[in-house]
Amino acid sequence: MNFQEFSLDSRILAGVKSVGYTEPTPIQEQAIPVILQDKDVLGLAQTGTGKTAAFALPILQRLSAGPMRRIRVLVVAPTRELAEQIHQAFTDFSRHMKVRSMTIYGGVGKGTQMKQLRQGVEIVVACPGRLLDLYGEGYIDLSSVEVLVLDEADRMCDMGFLPDIRRIIKLLPAERQTLFFSATMPQDIRKLVNDILNNPVTVQIGMIAPAQTVDHAIYPIPQKMKKHLLLAMLERERTGQILIFTRTKYRARNLARDLERQKYRVAALQGNMSQNKRQAAITGFRNGKYDILVATDIAARGIDVTNITHVINFDMPDTVDAYTHRIGRTGRADRAGDAYTFAVPDDAAMVRQIERLLKHPIERKRLPDYDYGDFVPETAVNSVSSPSSQRKPNKNGRPANKRRKRNGRQRRRSPYSR
Ligand code: AMP
């Protein structure tokens with residue numbers, strides 16, 4: 001299938017061509033025709049599937065006719081980075097049209113946003129808080145909104161935006177098209193969907209499983225050796241662009257600083273940085289000024305860097321959903337990527353949950369020729385590691401936990417093979 005088959009305006013097709021897409025991704029194939037028919041859509045799609053174009057292209061088709069300089073499309077997204085990415089996609093696809101898009105989010109002055117609103121735009125891509133602020137102050141007229149997009153709705157709920165979202169929905173015309181995207185469907189999201197979507201068509205792509213093109217591996221390691229292992233790993237694999245995740249802002253900042261001292265071209269991306277610094281880090285990573293970005297989960301939402309070759313979970317994510325989102329940063333749109341996760345013994349339960357999500361065991365690896373000292377990696381994430389973990393005692397001298405029956409499948413493969 002190609003994009004011509006959607007009967008989109010030739011200016012939009014020219015925009016698609018200019019960004020280099022030749023074939024629609026599965027979610028684009030499914031969602032674009034439905035959205036063009038003005039139907040509500042519930043899109044269950046992980047990040048990296050091409051969902052932005054799946055809604056942006058049919059929306060631009062709607063905007064190719066009708067009134068201008070009034071807000072006809074409102075996209076609500078959880079983070080500034082994702083808002084910028086969506087805005088950029090609209091801008092790229094509409095470069096041969098007269099459509100205007102803008103972003104609204106906090107952490108930056110209101111002046112520019114107010115000016116753009118005064119001048120008139122058709123598309124607003126907003127984070128909930130600042131949108132409500134500007135509305136409350138009388139700067140935004142939402143009475144002409146024809147399409148509402150809620151992107152990464154599950155993440156917005158995680159971040160506590162649900163009440164804000166309900167408030168925003170009350171400000172919109174009841175007669176509208178609603179496009180709702182979420183990677184997961186927890187209870188509160190399901191309720192929101194029932195409340196705000198009208199006979200939606202469900203489009204489901206690889207429900208919450210991370211991109212198929214990614215190779216996953218676990219590196220068992222004690223906490224205190226993580227940095228040392230990372231440096232050894234970077235020594236050996238100094239190619240491509242590497243996104244490293246840490247659990248806290250503090251750890252992201254410190255790790256970036258340590259890597260910088262080792263002469264790596266690295267930037268941190270974490271919530272305590274100003275918007276300008278964050279944007280500089282993302283732009284620098286995208287254009288190759290930095291090879292490594294050390295980020296926290298929330299700060300990294302919406303990073304769109306197509307060449308990321310490795311995601312390294314320096315710290316285990318807190319939830320399976322966070323794993324999906326982190327890994328969604330590599331192997332995007334059919335490119336291959338590697339996802340390495342450093343696992344300390346306490347991470348065993350989370351490893352099991354991730355394996356359940358992936359529906360297969362994750363390969364355990366150790367870095368060749370690396371001195372692990374007296375650490376025995378086989379027992380680190382004991383209940384899911386090699387058959388030998390049943391026999392070898394762990395660090396406390398006790399036999400490792402018995403593996404569950406379902407892990408019998410793992411025996412086919414050596415845990416450290418590659
Ligand atoms: P998204 O899921 O919208 O964040 O898109 C993930 C990545 O895939 C982005 O880098 C897009 O530019 C890219 N992408 C989306 N659709 C296509 C397509 N049809 N062909 C090639 N790349 C695409």
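How much area does the chain expose, and what percentage of it do carbon and sulfur atoms supply? The chain exposes about 18,600 Å², of which carbon and sulfur atoms supply 47%, with accessible areas taken from the Shrake-Rupley method with a 1.4 Å probe.

This is a predicted model, in which local features need pLDDT of at least 70 and side-chain atom pairs count only at pLDDT 80 or more, whereas totals for chains, interfaces and linings use all residues. Residues are numbered from 1 along each chain as its sequence is written, and side-chain values use heavy atoms, leaving out hydrogens and water.

Begin with the whole chain of 418 residues, 57% of which are buried, that is, under 20% relative accessible area with a 1.4 Å probe, protein chains only. The chain holds 15 helices and 14 strands, which are DSSP runs (helices H or I, at least four residues; strands E, at least two) numbered from the N terminus.

Next, select the open sheet of seven strands, whose order is β10-β11-β9-β12-β13-β8-β14 with parallel pairing; two strands pair if DSSP finds at least two bridges between them. Its edge strands, each pairing on one side only, are β10 (266-269) and β14 (363-364). At the β14 edge, display β8 (residues 214-220), which pairs with β14 in the parallel sense over two bridges, and find I218 opposite R364 in β14.

Then add helix α10 (residues 226-236), which lies across β8, β9 (241-245), β11 (292-295), β12 (308-313) and β13 (337-343) and runs at about 155° to β13. Finally, select helix α14 (residues 320-327), which lies across β8, β9, β12 and β13, at about 155° to β12. Contact here means heavy atoms within 4.5 Å, and the angles, from 0 to 180 degrees, are taken between N-to-C directions of lines fitted to C-alpha atoms, for helices over the stretch in contact.

Methods:
Buried < 20%, exposed > 50% of the residue type's maximum accessible area, 1.4 Å probe, protein only.
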